[in-house]
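Subject: Structure for your review

Hello,

Here is the structure I said I would pass on. My notes on what was found in it come after it.

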Amino acid sequence: MPVMARTPSEHEAWLARTTEAVLEPELPIVDPHHHLWTHVQPPYLLDELLADTGSGHHVTDTVFVECGWAWDRDASDPVLIPVPETAAVAALARESDLRRATSGGGGASQPSSVTPTCAMGRRRGGRSMR
């Protein structure tokens with residue numbers, strides 16, 4: 001089923017249909033898996049992530065999982081395809097006070113793509129995992 005584009009007000013109304021009680025607001029939480037998107041409407045970037053993680057829960061850390069939204073599919077070396085996405089996420093993360101990690105990978109067909117993606121995460125101040 002395709003994702004239907006919504007206006008910002010329609011999207012906010014849709015999100016408001018469900019609320020989640022904050023059971024332990026002092027409990028530190030790590031959001032272990034999130035994506036950022038610009039290819040859907042409305043896009044989901046830092047402002048949206050911060051609104052979600054700042055909704056009363058004590059989210060202290062997040063892990064961005066690479067998803068291809070800012071890949072350079074024309075890169076001269078296929079291993080470098082995911083690097084622009086990691087750079088974009090690192091730039092957004094520096095705008096927030098959330099600690100962050102970046103998980104990257106190209107799947108079984110491109111396992112070496114994990115290395116440059118995670119290396120950039122370490123160099124830019126995030127943590128990385130493999």
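Which residue in β2 does Asp31 stand opposite? In this predicted model, the residue opposite Asp31 is Thr62 of β2. The two strands, β1 and β2, pair in the parallel sense, over five bridges. Between them the chain passes through α2, and the resulting β-α-β crossover is right-handed.

Overall layout

The chain holds four helices and four strands. In sequence order they follow the pattern α-β-α-β-α-β-α-β. Of the 130 residues in the chain, 33% are buried. If you take the contacts between residues at least 6 apart in sequence, 67% of them join residues at least 24 apart.

Helix α2 and its cover

Helix α2 spans residues 46-53, and its buried residues are Leu46, Leu49 and Thr53. Viewed down the axis of α2, these buried residues fall within an arc of 65°, so they line one face of the helix. The cover over them includes β1 (28-34), β2 (58-65) and α3 (83-94). Strand β2 is itself mostly covered, with seven of its eight residues buried.

Helix α3

Helix α3 has 12 residues, and the span from its first C-alpha to its last is 17 Å. That is close to the 16 Å expected at 1.5 Å a residue. The buried residues of α3 are Val83, Glu85, Thr86, Val89, Ala90, Leu92 and Ala93.

The core

In soluble globular proteins, nonpolar side chains tend to be buried together. Here the largest nonpolar core has eight residues, namely Leu36, Tyr44, Leu46, Leu49, Phe64, Trp69, Val89 and Leu92. The elements giving two or more residues to this core are α2 and α3.

Two loop residues

Trp69, one of the core residues, sits in the loop between β2 and α3. Is Trp69 buried or exposed? Its relative accessibility is 18%, and buried means under 20%, so Trp69 counts as buried. Neighbours within four places in sequence aside, Trp69 is in contact with Leu36, Trp37, Thr38, His39, Leu45, Phe64, Glu85, Ala88 and Val89. One of these partners, Ala88, is 19 residues from Trp69 in sequence, with 10.0 Å between their C-alpha atoms.

Thr38, also among the contacts of Trp69, lies in the loop between β1 and α2. Thr38 counts as partly exposed because its relative accessibility is 36%. With neighbours within four places in sequence left out, the contacts of Thr38 are Pro43, Leu45 and Trp69. Leu45 is thus listed for Thr38 and for Trp69. Thr38 and Ala70 are 32 residues apart along the chain, and their C-alpha atoms are separated by 8.4 Å.

To sum up, β1 and β2 pair in the parallel sense, with the right-handed crossover passing through α2. The buried residues of α2 line one face of that helix, and α3 is among the elements that cover them. Trp69, from the loop between β2 and α3, is one of the eight residues of the largest nonpolar core.

Regards

How values were computed
Residues numbered from 1 in each chain as written. Predicted model: local features only at pLDDT ≥ 70, side-chain atom pairs only at ≥ 80, totals over all residues. Heavy atoms only, no water. Buried < 20%, exposed > 50% of the residue type's maximum accessible area, 1.4 Å probe, protein only. Arc of directions from axis to C-beta. Contact = heavy atoms within 4.5 Å. Pairing = 2+ DSSP bridges. Right-handed = clockwise from strand over helix to strand, strands pointing away. Expected span 1.5 Å × (residues − 1). Core = buried A, V, L, I, M, F, W, Y, C linked by side-chain atoms within 4.5 Å.
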